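Q: Could you take a close look at one part of this model for me, starting from a single residue and working outwards? I'm new to this, so please go step by step.

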Amino acid sequence: MPDFIAEWLNQNEIFTAMTIMEYWDGMVTTVHLVFLSLVIGLLVAVLLAILRTVRNPFVSGPVWLYTYLFRGTPLLIQLYIIYYGIAQIPGIQETFWWEIFREPFYPALLAFTLNTAAYTTEIIRGAIVSTPNGEIEAAKAYGMNWFMRMRRIVLPSAARRAVQAYSNEVIFMLHASAIASVVTIVDLTGAARNIYSRFYAPFDAFIFVALCYMALTFILVFAFRKLENHLLKHQRPVSG
Amino acid sequence: MLDLKGYGPALMEGAIVTIELAFLSLALSVALGLIGASAKLSQSRVAKGIATTYTTLIRGVPDLVMMLLFYYGGQVAVNMLSDYIWEAYEIDFFFQFDPFISGVVTIGLIFGAYMTETFRGAFLAVEKGQIEAARAYGFTRLHTFRRIMLPQMLRHALPGLGNNWQVLLKTTALVSIIGLTDMVRVAEEAAKAERMPFHFFIPVAAVYLALTAGSELFIKWLDKRANVGVVQGS
């Protein structure tokens, strides 16, 4: 270790092993929360996106309304409604759901999942709708039924068109998860806020956490670039 | 009718604060976006480097963290500056960093980065022949920018600009976290005091929905106007 870093660490009162552990726990919470909401949100979104492209307006209408409502209002309000609202549902405090939703983690997970699912539904829907007609005709000519067409032709082809927009949504979700700290979850931002109020050192507390988020963001960007390269292998120039 | 338990006027005022905040941040972000895009497209390596660092930094950090940094850090910086000025010149200089200004600055800075990317793409979409023609007419660079680039670029920038505006509008809700009495803050206090979360948050959500839906229509109308002279391929 270079001397100046060692010296800086020795003189430092803020970045002790204790606070680093707090940041680490915060990072684990953030990653846990974001990862779970993204995975559940993606599964829900694939289903809803298929329903959204169904011709019957009684099927696609409610899905449209859901995405419209969740994309038209701030995530913070959705979080508040779910976090404060769940306790007010009559009778919930006697059921086992209360054991789960009493912890702030689960209302936040629910709000984030519903939010990301709404955005992702629209992304996937856009990709499904723009499937070239020839691909579907070819699949029909091969005698594939609807289910097989979806699974073998439409969804894989849509995934290629959706991956770029989806990577933006993932990064957006990581950044949006910072608001979990307002409902008393100690995520990365929550840890930074605690450390700020203990030492009254805004620059140390928040710049460090900004760097943590930046590192996470760049890891995601890198991973998605790899994934895009993999999915769009067939479009690479031959002489490359 | 909806009974807001006497919080109606406060919510109304909060809504006006939200709208003011949104428009001021939009103005700042458009200005920063134009500067950023010009810097990114300029010949100067330094300008390009600064603009690229700016957009990369902003896109890596959550808006809330940025806001907390500016709000709490801004106050500490002002305190330090005022101490320094007092010691050096014996001038009493101080101001309280209020949440509204921090909100406008943060949101403006964040969306300035997104606007930079939008405007950069839009400037690139203007045909090169147009600039060459302007040069041939003897336009100065500033003149070319104002008379040729800016009006033609707006058509290409509009969809991105509209998107950014929609996201910006929703981001304004975050300023309630650093203590601005906007409608989200009022609703939160009312919901806690009256123990009626749905009763106060759903109307606020509806106001946001009305704002985003209204802007969507307005942007569509603008887009139609801006593309009046363009033949759309079928």
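**From one tryptophan to the place where the chains touch**

A: Let's start with A:Trp64, which counts as partly exposed because it has 16 C-beta neighbours inside 10 Å. To be buried it would need 20 or more, and with 12 or fewer it would be exposed, so 16 falls in between. Keep in mind that this is a predicted model. A:Trp64 sits in helix H3 of chain A. Along the sequence A:Trp64 and A:Arg52 are twelve residues apart, yet their C-alpha atoms are 6.8 Å apart in space.

Now use that helix as your way in to the contact between the chains. Chain A puts 28 residues into this contact, and chain B puts in 28 residues. On the chain A side, helix H3 (57-72), helix H4 (75-86), helix H9 (188-199) and helix H10 (202-231) each supply at least two residues. The largest share of that side, ten residues, comes from H10(A). Sort the residues of the chain A side by type and you get 20 nonpolar, seven polar and one charged.

Since H10(A) gives that largest share, let's zoom in on this helix. H10(A) has 30 residues and reaches 43 Å from its first C-alpha to its last, close to the 44 Å expected at 1.5 Å a residue. Several of its residues are buried: A:Pro202, A:Ala205, A:Phe206, A:Val209, A:Ala210, A:Cys212, A:Tyr213 and A:Leu216. Try marking them on the sequence and looking at the gaps. An α-helix has 3.6 residues a turn, so residues three or four places apart point the same way. What do the buried residues of H10(A) pack against? Within chain A, they pack against helix H2 (17-52), helix H8 (146-176) and H9, and over in chain B they pack against helix H2 (45-60) and helix H3 (63-89).

Just before H10(A) comes a little loop worth a stop. A:Tyr200 lies in the loop between H9 and H10 of chain A. Its phi is near 50 degrees, a positive value in a residue other than glycine. A:Tyr200 is exposed, because it has 9 other C-beta atoms within 10 Å. Chain B has a loop residue to put beside this one: B:Arg195, in the loop between helix H7 (183-194) and helix H8 (197-226) of chain B. Phi of B:Arg195 is near 55 degrees, a positive value in a residue other than glycine. With 10 C-beta neighbours inside 10 Å, B:Arg195 counts as exposed.

Next, cross the contact and look back from the chain B side. Leaving aside its neighbours within four places in sequence, B:Val65 is in contact with A:Ala178, A:Thr189, A:Phe206, A:Val209, A:Ala210 and A:Tyr213. You've met some of those names already: A:Phe206, A:Val209, A:Ala210 and A:Tyr213 are among the buried residues of H10(A).

B:Val65 also leads us to the nonpolar core. The largest such core has 112 residues, and B:Val65 is one of those with the most contacts inside it, along with A:Ile77, A:Ile179, B:Ala187 and B:Val204. Its largest share, twelve residues, comes from helix H6 (residues 105-129) of chain A. This core also draws at least three residues from each of domain 1 (25-180) and domain 2 (182-227) of chain B. As general background, nonpolar side chains tend to be buried together in soluble globular proteins.

Those two domains of chain B deserve a quick look themselves. Their centres, taken over C-alpha atoms, are separated by 25 Å. Where they meet, 14 residues of domain 1 are in contact with 13 residues of domain 2. The domain 1 side of that meeting place divides into eight nonpolar, four polar and two charged residues.

Finally, step back to see chain B as a whole. Chain B has eight helices and zero strands. Of its 234 residues, 36% count as buried. One of its helices, H4(B) (residues 99-125), is mostly covered, with 20 of its 27 residues buried. If you trace H4(B) by eye, look for a kink of about 25 degrees centred on B:Gly112.

Notes
Residues numbered from 1 in each chain as written. Chains lettered and ligands numbered in written order. Predicted model: local features only at pLDDT ≥ 70, side-chain atom pairs only at ≥ 80, totals over all residues. Core = buried A, V, L, I, M, F, W, Y, C linked by C-beta atoms within 7 Å. Helix = DSSP H or I, 4+ residues; strand = E, 2+ residues; numbered from the N terminus. Domains from an automatic or database assignment. Contact = placed C-beta atoms within 7 Å. Nonpolar A, V, L, I, M, F, W, Y, C, P; charged D, E, K, R; others polar. Bend = angle between axes of the 7 residues up to and from the residue. Expected span 1.5 Å × (residues − 1).
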